Amino acid sequence: MNRVKLTKESKVLGCGDRGFSSVLGEVTGAEVLGFEPVSEMRIVAENNRLQLLSSSIWNRAPGRSFLIGLLTLAYKKILKSKGKISVVIRYRILFMTKFKTDQEKFWAEEFGTDYIGRNQDPALLAANLKMFSDVFASCKSSPTNILELGANIGMNVKSLQLLAPGSEVTAVEINSDACSQLAKTGCNVIQGSILEVDIPNTFDFVFTKGVLIHINPEELGRVYDVMYKSSSRYIMIAEYYNPSPVGVIYRGIPNRLFKRDFAGEMLDKFTDLRLVDYGFCYHRGNFAQDDITWFLLEKSNA
Ligand SMILES: C[S@@+](CC[C@H](N)C(=O)[O-])C[C@H]1O[C@@H](n2cnc3c(N)ncnc32)[C@H](O)[C@@H]1O
């Protein structure tokens, strides 16, 4: 293998790049350009401060899916520039992680990564602030130690850091790309599946929002156990409610979204839990959420 020493005079081209090459630039001083054809990943790359080549190069690449054509055009473009050129091609090594359920694999892989780009709207942050301020108004005291299961890039975490300043937030997330962004919020990140992770501590506020609906129904009991055991006081469930369990086609795919009375099932399973409050976030309302119903439960001996 030929090794190339990167210097300030070097130029680096990262292909299929969500912004990892920008780290090379920061460390070595080299000029770094990224190449990313997928629009949602381009947003991620830009957030990672990567200077991107125009996507029109991708559009002109023969057959679009032929990486070699793409590279030839990209090289041609970059080779026009003067100075010493280093071209770095990042090979992505895919570790075939085995997941217990199809739903976990779905979120850990491409669909989950693509979802990131759809979950960044500032209006969502405002809506989360409204929802959590309603929830906290029903708590006897503001939480100091919070656990979120299935946190994605941290849109809830960011609002919690504003509403409960000084609180420590820990978040579990299965998708590695989401975890990279989640870490930037400064919360404690546990990368892994809710069905597998070992959560050593207890928290005074444990919650999910839009996550139980994506768990394989056979495994829900296990997630209820995790939520119950890791909470010393409050549990909040913000999900799509339905009085009886139903499966819904999600973005054209069956078996990826399930609605039911998650909170009611927890109240039945753990008899020391009591219902403190609940609320509905209508999609046509001010601070709209996607028709989510939240339920605040409390351990009665807390
Ligand atoms: C619809 S998103 C909701 C994200 C976040 N709770 C919010 O309200 O913005 C579902 C999230 O749960 C994560 N997720 C799904 N199944 C998971 C599992 N078994 N373990 C950990 N995270 C999971 C997904 O990767 C995704 O980030």
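## Close-ups of a predicted protein–ligand model

**View 1. Leu 129 sits in helix 7.** Everything here comes from a predicted model, where local features need pLDDT of at least 70, side-chain atom pairs count only at pLDDT 80 or more, and totals for chains, interfaces and linings use all residues. Residues are numbered from 1 along each chain as its sequence is written. Helices (H or I, at least four residues) and strands (E, at least two) are DSSP runs, numbered from the N terminus. Leu 129 has 16 other C-beta atoms within 10 Å, so it is partly exposed; the cut-offs are 20 or more for buried, 12 or fewer for exposed, and partly exposed in between, using C-beta atoms placed from the backbone. Leaving out residues up to four places away in sequence, Leu 129 touches Ser 159, Leu 162 and Leu 163 (contact: C-beta atoms, placed from the backbone, within 7 Å). The C-alpha atoms of Leu 129 and Met 155 are 9.8 Å apart, with their positions 26 residues apart along the chain.

**View 2. Helix 7 packs against helix 8.** Two packed helices are described by the angle between their axes and the distance between the axes. For helix 7 (residues 122-137) and helix 8, that's about 55 degrees and 9 Å, with axes fitted as lines to C-alpha atoms over the stretch in contact, and angles running from 0 to 180 degrees between N-to-C directions. The pair is therefore oblique: under 35 degrees would count as roughly parallel, over 145 as roughly antiparallel, 65 to 115 as roughly perpendicular, and the rest is oblique. From helix 7, the contact residues include Leu 124, Leu 125, Phe 132 and Phe 136, and from helix 8 they include Met 155, Leu 160 and Leu 163. By class, this contact has nine nonpolar, four polar and one charged residues. Ala, Val, Leu, Ile, Met, Phe, Trp, Tyr, Cys and Pro count as nonpolar, Asp, Glu, Lys and Arg as charged, and the others, Gly among them, as polar.

**View 3. The ligand has 21 residues around it.** Trp 107, Gly 150, Asn 152, Ile 174 and Lys 209 come nearest (near: C-beta atom, placed from the backbone, within 6 Å). Helix 5 (102-108), helix 8 (155-163) and strand 4 (168-173) each chip in at least two residues of this shell. Sorted by class, the shell has nine nonpolar, nine polar and three charged residues.

**View 4. Asn 152 and Asn 255 both carry a positive phi.** Asn 152, in the loop between strand 3 (145-149) and helix 8, has phi near 55 degrees. Asn 152 is buried because 26 C-beta neighbours fall inside 10 Å. Asn 255 belongs to strand 9 (residues 253-259), and its phi is near 60 degrees. With 15 other C-beta atoms within 10 Å, Asn 255 is partly exposed.

**View 5. Helix 9 is mostly covered.** Six of the eight residues in helix 9 (residues 176-183) are buried, among them Asp 177, Cys 179 and Leu 182.

**View 6. Gly 264 belongs to helix 11.** Gly 264 has 14 C-beta neighbours inside 10 Å, so it counts as partly exposed. Its C-alpha atom is 8.9 Å from that of Pro 243, 21 residues away along the chain.

**View 7. The protein chain has 11 helices and 11 strands.** Of its 302 residues, 35% count as buried. Among contacts with a separation of 6 or more, 57% come from residues 24 or more positions apart.

Note on methods. Two residues are in contact if their C-beta atoms, placed from the backbone, lie within 7 Å.
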